[in-house]
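Ready for a bit of practice in reading a protein structure? Grab a pencil and work through the exercises with the model open next to you.

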Amino acid sequence: MDRSELLQLLNKQKAAFRKDPPSFEKRMESLKNLSDIVKENKSLLIRAINKDFGGRAEEETRLLEILPLQDQIRHSMRHLKNWMKPRSVKSSWFLIPAKAFYQYQPLGSVGIMGAWNYQILLTLGPLIDAIAAGNHAIIKPSEMAPASAEVIRKMINSAFPEEYIHCVTGDAEMAKGFSSLPFDHLFFTGSSNIGKKIMAAAAPNLTPVTLELGGKSPAVIHPSYPLKVALQRIINGKLFNGGQTCVAPDYIIAPDSLNDEIENTAKSIVNTLYPDLKKEGKFTSIINEKHFQRLKSLLEDAKNKGARIVEISGNDEHKLLTPKLLFNVNDEMKVMQEEIFGPILPVLNLETVEEAINYINDHHKPLALYYFDNNSKRIKHLLKFTQSGGVTVNDTIYHLAQHRLPFGGVGNSGMGHYHGFDGFKTFSKKRAVMEQGRLAASDFLQPPYTGFKQKLLGWVEKFSKV
């Protein structure tokens with residue numbers, strides 16, 4: 001489908017939306033329909049994801065994609081009626097007897113561009129929020145995971161009319177045309193570099209964008225915290241999907257006195273989590289050869305610049321990169337400059353929490369920040385003096401599964417939020433409404449400004465002072 005065909009489809013959706021914006025009943029029916037087709041196609045989706053990666057455990061797809069997606073639908077359906085209610089606010093005193101309220105209005109027809117690393121969740125998750133908010137939508141799964149993209153296309157287009165919800169697939173050139181369409185909102189999940197191009201393509205249409213990007217999310221370990229517990233949770237979050245998770249811990253910050261214990265404990269944890277790591281379907285492979293070679297080059301660059309690489313689970317195989325620790329790292333290494341997106345875990349040695357805070361603040365704001373400490377005063381201090389998309393204290397990644405919390409980046413890690421009510425708001429216009437009475441105080445503030453009106457205006461100013 002070329003750009004002109006996409007534009008024709010978008011115009012068809014916009015016309016259908018203007019004619020009949022989705023009601024509460026239609027939104028609920030559509031959310032239930034989406035849940036049903038995901039359930040019906042569950043096996044096809046799992047097999048397609050496995051094919052795209054050349055090996056990913058069925059349990060990971062169920063746990064990390066299908067379960068949170070279905071739970072997100074359940075949460076939206078449970079709360080949608082309340083989200084849609086107009087909300088009254090107190091009117092300004094000098095506009096008495098006016099009434100004031102706001103309502104959330106759907107934007108129209110929106111575009112959603114998914115990401116290959118969690119194709120199901122990151123394509124259909126934003127769609128849940130768009131449907132709940134009452135929009136029509138065109139979705140585009142990532143072309144880097146073609147098997148799952150095709151399953152999503154078939155199941156969406158068989159379940160919804162194209163003038164309401166439609167899925168398109170295509171290559172990078174098609175994606176470029178997609179992002180330049182005059183959507184009423186454009187939602188993109190992917191890398192920061194591509195995010196800049198998406199924003200530039202949307203700018204001529206003044207299309208508002210939500211960018212869910214990535215970044216180098218640190219895991220800071222205070223020496224007083226039980227190291228085994230911290231590492232168990234860091235490594236578990238790191239190795240989900242072979243490290244190809246936007247909120248995976250990108251690197252550890254800890255004092256160098258912990259290095260030996262980190263190395264020994266990490267080996268034990270990895271071998272416990274993945275005793276048959278090289279057995280097919282047990283550990284997720286790297287998505288393609290290009291990304292596999294990118295990770296190998298990061299390791300080679302780090303080694304050449306003085307890093308010590310610790311192999312935890314044997315040698316690499318075709319597209320299967322085994323977990324590795326890196327010690328003696330510094331900012332000269334590419335592995336400390338780029339988002340890793342693989343099972344490589346550098347350990348940066350900083351001695352104090354204050355040093356960790358300064359290091360984090362000297363770099364791009366991360367999508368997630370993880371801190372392991374039981375001291376509430378230090379936790380509050382770190383939260384106050386750092387910025388990140390989200391934070392999990394004493395665990396990793398699971399803050400994104402909290403439906404009542406917003407999910408989104410800041411600065412280089414993205415803009416805007418979704419999930420739950422925040423996703424509903426992202427795909428809505430918070431519209432202000434005022435209803436004035438038949439007789440209104442504001443009628444006395446119209447010109448001409450005679451002596452009485454000047455006195456009245458002065459009286460209003462006097463009572464409006466702080």
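Here are four exercises on this predicted model, each with a worked solution.

**Exercise 1. Helix α3**

Task: Work out whether the length of helix α3 (residues 42-53) agrees with 1.5 Å a residue, and find out where its buried residues lie.

Solution:
- Start with the length. Helix α3 has twelve residues, so at 1.5 Å a residue it should span 16 Å. Its end C-alpha atoms are 17 Å apart, which agrees.
- Now pick out the buried residues, those under 20% relative accessible area. In α3 they are L45, I46, A48, I49, D52 and F53.
- Look down the axis of α3. The buried residues fall within an arc of 165 degrees, so they line one face of the helix.
- Here's the background: an α-helix has 3.6 residues a turn, so residues three or four places apart point the same way.
- Finally, check the face turned away from the buried side of α3. That face carries the exposed residues R47 and K51.

**Exercise 2. Two salt bridges**

Task: Say where D250 and K216 sit in the chain, and whether they are buried or exposed.

Solution:
- First, the contact. The side chains of D250 and K216 form a salt bridge, with 2.4 Å from N to O.
- Next, the places. D250 is in the loop between α9 (227-239) and β9 (251-254), while K216 is in the loop between β7 (209-212) and β8 (218-221). With their positions 34 residues apart, the pair links distant parts of the chain.
- Then, the surroundings. Both D250 and K216 are buried.
- For practice, try R56 and E65: their side chains meet in a salt bridge at 2.4 Å, N to O, and both R56 and E65 are buried.

**Exercise 3. A mixed pair**

Task: Why does D373 count as buried, and why does R378 count as partly exposed?

Solution:
- D373 and R378 form a salt bridge, and their closest N and O atoms are 2.6 Å apart.
- D373 has 1% relative accessibility, so it counts as buried.
- R378 has 27% relative accessibility, so it counts as partly exposed.
- Zooming out, the whole structure has 17 salt bridges. K296, E311, D316 and K324 are linked in a network of them.

**Exercise 4. The second largest pocket**

Task: Describe what lines the second largest pocket.

Solution:
- The volume of the second largest pocket is about 440 Å³.
- The pocket is lined by 26 residues, and the closest to its centre are L64, P68, L121, L400 and A401.
- Helix α4 supplies the largest share of the lining, six residues.
- Sort the lining by type and you get 18 nonpolar, six polar and two charged residues.

Conventions. Residues are numbered from 1 along each chain as its sequence is written. This is a predicted model: local features need pLDDT of at least 70, side-chain atom pairs count only at pLDDT 80 or more; totals for chains, interfaces and linings use all residues. Side-chain values use heavy atoms; hydrogens and water are left out. A salt bridge is a side-chain nitrogen of Lys or Arg within 4 Å of a carboxyl oxygen of Asp or Glu. Buried means under 20% relative accessible area, exposed over 50%, partly exposed in between (1.4 Å probe, protein chains only). Helices (H or I, at least four residues) and strands (E, at least two) are DSSP runs, numbered from the N terminus. On a 1 Å grid over the protein atoms alone, a cavity is a set of points where a 1.4 Å probe fits but cannot get out, and a pocket is an open set with protein on both sides within 12 Å along at least five of seven lines; lining residues have an atom within 4 Å of a point. Grid points are joined across faces, edges and corners, and a volume is the space filled by probe spheres set on the points. Ala, Val, Leu, Ile, Met, Phe, Trp, Tyr, Cys and Pro count as nonpolar, Asp, Glu, Lys and Arg as charged, and the others, Gly among them, as polar. The expected span of a helix is 1.5 Å times one less than its number of residues. The arc is that of the directions from the helix axis to the C-beta atoms.
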